[in-house]
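User: Please take a close look at a single part of this structure and describe it in plain terms. I would also like to know what ties other parts of the chain together.

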Amino acid sequence: MRTVTSLRSARGGLLSAALAGSLLLGATGCGGDEEGSKTPKDYKVVAGTQLCGGDAVSADASKALKVITGSSRFEASEERATTAQAAADLIASSPIATTTKNICRIFTPIGTPDFQLRATWRLADHAPTDDPSAPKFTELKMGDKAVAAADMAYVYFACRSDKVPSSSEGAHLVVGVEHWAVPREPEGNIKALKNAYATVAHSFSLAMAKELRCDNNGGLPPKPVLIPA
């Protein structure tokens, strides 16, 4: 069962309050009453392609989410957790480099094993020049550079767009997807997990590039490239 803390993160505190009220009613009711275990009426579970505004997770990325989480259904995203909102925030920030910002967080449903993914963006002040420093990363041929591990993946690409103030070479973006949890060794098929994370990171990156109207979609391919560079 999801904890109150993560519910608050997923639904802005409203779901936590509703759950607290349900628990209180259950505690004061008759013994054995299951009222306290019920979820609020507005709680929704959706398919992967409906997450994060409905344009961030492709059909391939939705299948990849099942590889990563073991689930094909997820908590509905917050209303503002969309690539459109992330793009608007990026435009307001450009051309200044930023710290990492959220696009969307993905949660498995209540009553299933707890799993949280965090999709993020940031503006960098230059194109990537360093090699992956950790041996767990595999470099892929997407954008300026893409790296994938068994619990995270990042795509670096340049965006030239009249919507994004930048230098002549474009704004430098980093879009990532990572398992948001206490660090531990990933379990399962490592290659399959790397491919899955890379697929989801590519989907969010392409959605951001399209939302920002980057020339040539920031050089990103229409499908994820999973062959090591």
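Analyst: A residue is called buried when its relative accessible area is under 20%, exposed when it is over 50%, and partly exposed in between, using a 1.4 Å probe and protein chains only. The model is predicted, so local features need pLDDT of at least 70 and side-chain atom pairs count only at pLDDT 80 or more, while totals for chains, interfaces and linings use all residues. Residues are numbered from 1 along each chain as its sequence is written, and side-chain values use heavy atoms, with hydrogens and water left out.

The part chosen is strand E8, residues 171-179. Strands (E, at least two residues) and helices (H or I, at least four) are DSSP runs, numbered from the N terminus. Nine of the nine residues of E8 are buried, so the rest of the structure largely encloses this strand. Ala171, Leu173, Val175, Val177 and His179 point one way from E8. His172, Val174, Gly176 and Glu178 point the other way, and the residues of both sets are buried.

E8 pairs with two strands, where pairing requires that DSSP finds at least two bridges between the strands. Strand E4 (residues 116-124) runs antiparallel to E8 and is joined to it by eight bridges. One position in that pairing is Leu123, whose bridge partner in E8 is Leu173. Strand E7 (residues 152-159) is also antiparallel to E8, again with eight bridges. Here Tyr156 stands opposite Val174 of E8.

E7 also carries one end of a disulfide, through Cys159. A disulfide is a covalent bond between the sulfur atoms of two cysteines; the working rule is a pair of cysteine sulfur atoms within 2.5 Å. Cys159 and Cys214 have their sulfur atoms 2.0 Å apart and form such a bond. Cys159 lies in E7 and Cys214 in the segment after helix H5, so the pair ties together parts that are 55 residues apart in sequence. The link is left-handed, with -95 degrees about the S-S bond, and both Cys159 and Cys214 are buried.

The count of disulfides is two. The other one joins Cys52 to Cys104, with an S to S distance of 2.1 Å. Cys52 lies in the loop between strand E1 (45-47) and helix H3, and Cys104 in strand E3 (residues 101-107), so this bond ties together parts 52 residues apart in sequence. Its S-S torsion is about -75 degrees, so this disulfide is left-handed. Cys52 and Cys104 are both buried. With the bonded cysteines numbered in sequence order, the pairing reads 1-2, 3-4.

Charged contacts come next. Side chains of opposite charge can pair when their charged atoms come close. A salt bridge here is a side-chain nitrogen of Lys or Arg within 4 Å of a carboxyl oxygen of Asp or Glu, and the whole structure has two. In one, Lys136 meets Asp151 at 3.7 Å, N to O. Lys136 is in the loop between E4 and strand E5 (138-140) and Asp151 in the loop between strand E6 (145-148) and E7, so the pair ties together parts 15 residues apart in sequence. Lys136 is partly exposed at 38% relative accessible area, whereas Asp151 counts as buried at 16%.

The other salt bridge is between Asp60 and Lys223, at 3.0 Å, N to O. Asp60 lies in helix H3 (residues 59-69) and Lys223 in the segment after helix H5 (190-212), so this contact ties together parts 163 residues apart in sequence. Asp60 is partly exposed at 30%, and Lys223 counts as exposed at 52%.
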